[in-house]
Each structure stands twice: as C-alpha cells, then as structure tokens.
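Q: Please take a close look at one part of this model. Choose a single element, follow its partners outward, and keep the account connected.

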Amino acid sequence: MIPASFDYVRVSSLDEALETLREQGEEAKVLAGGQSLLPLLRLRLAYPGTLVDLGRVEELRGVADRGDHVLIGAMTTHYDVVASPVVREHCPLVALATATVADPAVRHRGTFGGSLAHADPAGDLPAVALALDMEFVVRSAAGERVIPAADFFLDYLETALAPGEILTGVRVPKLGPGWGFHYEKFHRTAQAWAIVGVAAAVRRSGGVVEEARVALTNMGPTPVRATAVEQAVRGAEPGGNGGAAGGALRAAAERADEDTDPPADLHARPDYRRHLARVLTHRALLAAAG
Ligand SMILES: Cc1cc2nc3c(=O)[nH]c(=O)nc-3n(C[C@H](O)[C@H](O)[C@H](O)COP(=O)(O)OP(=O)(O)OC[C@H]3O[C@@H](n4cnc5c(N)ncnc54)[C@H](O)[C@@H]3O)c2cc1C
C-alpha cells in the first residue's frame, strides 16, 4: 500500500502545467482531487514518474454561463458543481447525478474533470456527459481541441486524452424549455458507487414524448447510450404509471440492455445488471417525463 516513488510538481497556472507535461513526457500524470489516482498509486496500479498537481490552478475552477452552454472548469469540485445556481438552473441533470457521487468528503476533494478523465464505468458523470452531448475542451502545448462526449470514452479507464493533454473544462449544452431530467442510481449502500445508473432527459410537448436521451452507468467498459430506448419512447404518452400510457414507457425501458456488455463483479452478475438497467430506466423515464 505504499506508492512507488515519483517526482511531484505543484504548478500555479495552466501554461506551467502544460510545459511541465511537455518536458516530462509520457511518464507524467496530472493530479486533480486525488480521490481515484491516489488509491491507484497506493496499489501500484499506476506508477507515474512525475505527478503534476493542478490543485492551485485557479483558472480551471468555476462554472460560467456562456449563453447556449454552461462551461464547467475541470478542477471544479463536485461540491461546487452541486452548489452552483447556474448548474442547477441550466443543467439540473448534472446537479442530480453529482449529488449522488460518494460522500461529502469525496465531493469536497474530487473534481468534475477528474471524474470524466478517469472514465470509471461505475462513475456517475460519464453517462450524464453522454446523455447531454457534452463537449470536452482539451489543451496541450500544441493548442486546444474539443472532443464530443460520444468520442471521449474509449474503453475501461481509457479516454481520447493523449499524453501531454489536460482537460480544461466541459461544455454542457443548455437544452431549453420542455425538458425533464432524472438520474436513477442503484447502489449497495448509500453514498457508494453505482451498480447500475441511468441518466435520462425527456422533452414532452402536448403530453407526448418528443425526444429522449438515455445513458447507462456500469453497463459496459464505457458509458452506453441507450439508443433503442430513445427511439422506442418517442410518441409515448406518459400520463400514468399502470395503464397503457405508463406501459409505453415500460415497453421502451425493456430495451435498455440492448447493445450493452455489463461486467460481472462482487456486487452483481451481468444478467442482474441487465434486469436493473430495464427497471431503473423505466423509473428514470417516468420521473424525467414528469
Ligand atoms: C470512497 C470513494 C467513493 C467514490 N464514489 C463515487 C461514486 O459514487 N460515483 C462517482 O462517480 N465517483 C465516485 N468516486 C470517485 C470520485 O468521484 C473522484 O473524485 C473522481 O473519480 C476522480 O476525481 P479526482 O478529481 O479525485 O481525480 P484524480 O484522482 O486526481 O485523477 C483521476 C484521473 O484523472 C486524471 N485527471 C484528473 N484531472 C485531469 C484533467 N483536468 N485533465 C486530464 N487528466 C486528468 C488523472 O491524471 C488521473 O488519471 C469515489 C471515490 C472514493 C474515494
């Protein structure tokens, strides 16, 4: 439980961080809140040559209203995301899901960008990023690029970030009026990782579902967009739970595990996760559809 030795550099600006990464090459890694990286170091599952601590890079913190989207700085803590009036007003799904992350201690240290860059399939925020079509703003010594959420999560703990790149912030599109949101999470104990989670955004007009976005947590090595559900739920009238209207949402939710590859672990077998995905998707659709 003792990490391998590494050099430690505490930087105070993004430019300094990028320059340090450029100098140190592929052996360097950035440190954000340390809530996921420090356990990996202690287990020697990660052994970077140099840790570049972003903790004092103030320009990467904070939430800004940018008109058609909200920009969340990568180093904004989960606590600050949940407390932000801008996030609550314009991206309530982000606030709902982030409030379920771990416990207050972790939420005060862990960061929005760290959670997404870590890309743990059991993490709550990657599915939300996929459902909302967020955009990841990335910088390196060579310049800036923007990666759509659909292209960001490549495999288990693997993202499109290249060595030397830092996630500086995430653009969350504002979806506008008529949308309802819900994040439904099934966990073994309160304040724990998701066994399965479902992020849902539903737009209704005249009592009918016109559009839905649904993404799943922990149903594969990356977050998964439940496109079969999104198509099946269009045109449904979510007026009631038990009758034909509620039945339409239930029928759509039955397709939640299509094209998924749920893992087997100490908490659940794949078939149980498939069952959970269907049940939780129904609940999430009902709640998001109001
Ligand atoms: C007890 C416990 C329970 C938890 N429960 C949950 C939970 O229920 N749901 C959930 O979603 N998460 C949970 N987490 C994880 C938590 O959300 C972490 O905050 C998060 O996974 C990592 O964020 P961090 O800021 O601590 O990143 P770090 O641990 O510092 O870094 C994680 C990885 O991301 C990279 N990285 C970080 N920031 C950047 C950046 N800006 N650019 C490029 N790369 C970057 C690092 O190099 C590292 O590889 C839990 C953690 C703990 C310790």
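A: Two strands pair if DSSP finds at least two bridges between them. The model is a predicted one. The part chosen here is strand β10, residues 166–173.

Start with the bridges. Strand β5, residues 69–73, pairs with β10 in the antiparallel sense. Five bridges hold that pairing. One point on it is easy to find: Leu71 stands opposite Arg171 of β10. Strand β6, residues 135–140, also pairs with β10. Here too the two strands run antiparallel, over five bridges. Phe136 has Val170 as its bridge partner in β10. As general background, strands of a sheet pair through backbone hydrogen bonds, either parallel or antiparallel. In a regular strand, side chains alternate between the two faces of the sheet.

Is β10 largely enclosed or open? Six of its eight residues are buried, so β10 is largely enclosed by the rest of the structure.

Next, the ligand. β10 gives two or more residues to the shell around it, and the shell counts 29 residues. Val30, Ser36, Leu37, Thr111 and Asp124 are the closest of them. By type, the shell splits into 15 nonpolar, eleven polar and three charged residues.

Which polar atoms approach the ligand? Take three contacts. A nitrogen atom of the ligand sits 2.7 Å from an N or O atom in the side chain of Asp124. An oxygen atom of the ligand lies 2.7 Å from a backbone N or O atom of Gly34. Lys29 brings a polar side-chain atom to 3.1 Å from a ligand oxygen atom. On its own, the ligand has 980 Å² of accessible area, and the protein covers 89% of that.

Three elements give two or more residues to this shell: β2 (28–31), α7 (112–118) and β10. The largest share is that of α7, with four residues.

Back to Phe136, the partner of Val170. This residue leads from the strand pairing into the aromatic contacts. The structure holds four aromatic pairs. A pair of aromatic rings is described by the distance of the centres and the angle of the planes. For Phe136 and Phe152, the centres are 4.0 Å apart and the planes meet at 10 degrees, so the pair is stacked. The cut-off for stacked is under 30 degrees. The pair joins distant parts of the chain, 16 residues apart: Phe136 belongs to strand β6, Phe152 to helix α9 (residues 149–152). Phe136 is buried, at 0% relative accessible area. Phe152 counts as buried as well, with a relative accessibility of 0%. Phe153 joins in: ring pairs link Phe136, Phe152 and Phe153 into a cluster.

Another of the aromatic pairs is Phe186 with Tyr272. Its geometry is edge-to-face, with 6.4 Å from centre to centre and 85 degrees between the planes. Phe186 lies in strand β11 and Tyr272 in helix α12 (residues 270–288), so the pair ties together parts that are 86 residues apart in sequence. Phe186 counts as partly exposed, at 28% relative accessibility. Tyr272 is likewise partly exposed, at 34%.

Strand β11 leads to a sheet. This sheet is open and has four strands, in the order β11-β12-β13-β14, with antiparallel pairing. Its edge strands are β11 (179–187) and β14 (224–225), each pairing on one side only. β11 and strand β12, residues 194–205, run antiparallel and are joined by nine bridges. His187 stands opposite Ala194 of β12.

Last, two backbone details. Most residues other than glycine have a negative phi. Asp133 has a positive phi, near 55 degrees, and is not a glycine. Asp133 sits in the loop between α8 (125–131) and β6, the strand that pairs with β10. Its relative accessible area is 35%, which makes Asp133 partly exposed. Arg44 is another non-glycine residue with a positive phi, of about 60 degrees. The loop that holds Arg44 runs between α2 (37–42) and β3 (50–53). Arg44 is partly exposed, with a relative accessible area of 46%.

Conventions
Residues numbered from 1 in each chain as written. Predicted model: local features only at pLDDT ≥ 70, side-chain atom pairs only at ≥ 80, totals over all residues. Heavy atoms only, no water. Near = heavy atom within 4 Å. Polar contact = N/O pair within 3.5 Å; in protein donor to acceptor, adjacent residues only side chain to side chain. Areas by Shrake-Rupley, 256 points an atom, 1.4 Å probe, with all protein chains shown as cover. Nonpolar A, V, L, I, M, F, W, Y, C, P; charged D, E, K, R; others polar. Buried < 20%, exposed > 50% of the residue type's maximum accessible area, 1.4 Å probe, protein only. Phe/Tyr/Trp six-rings, centres within 6.5 Å; stacked < 30°, edge-to-face > 60°.
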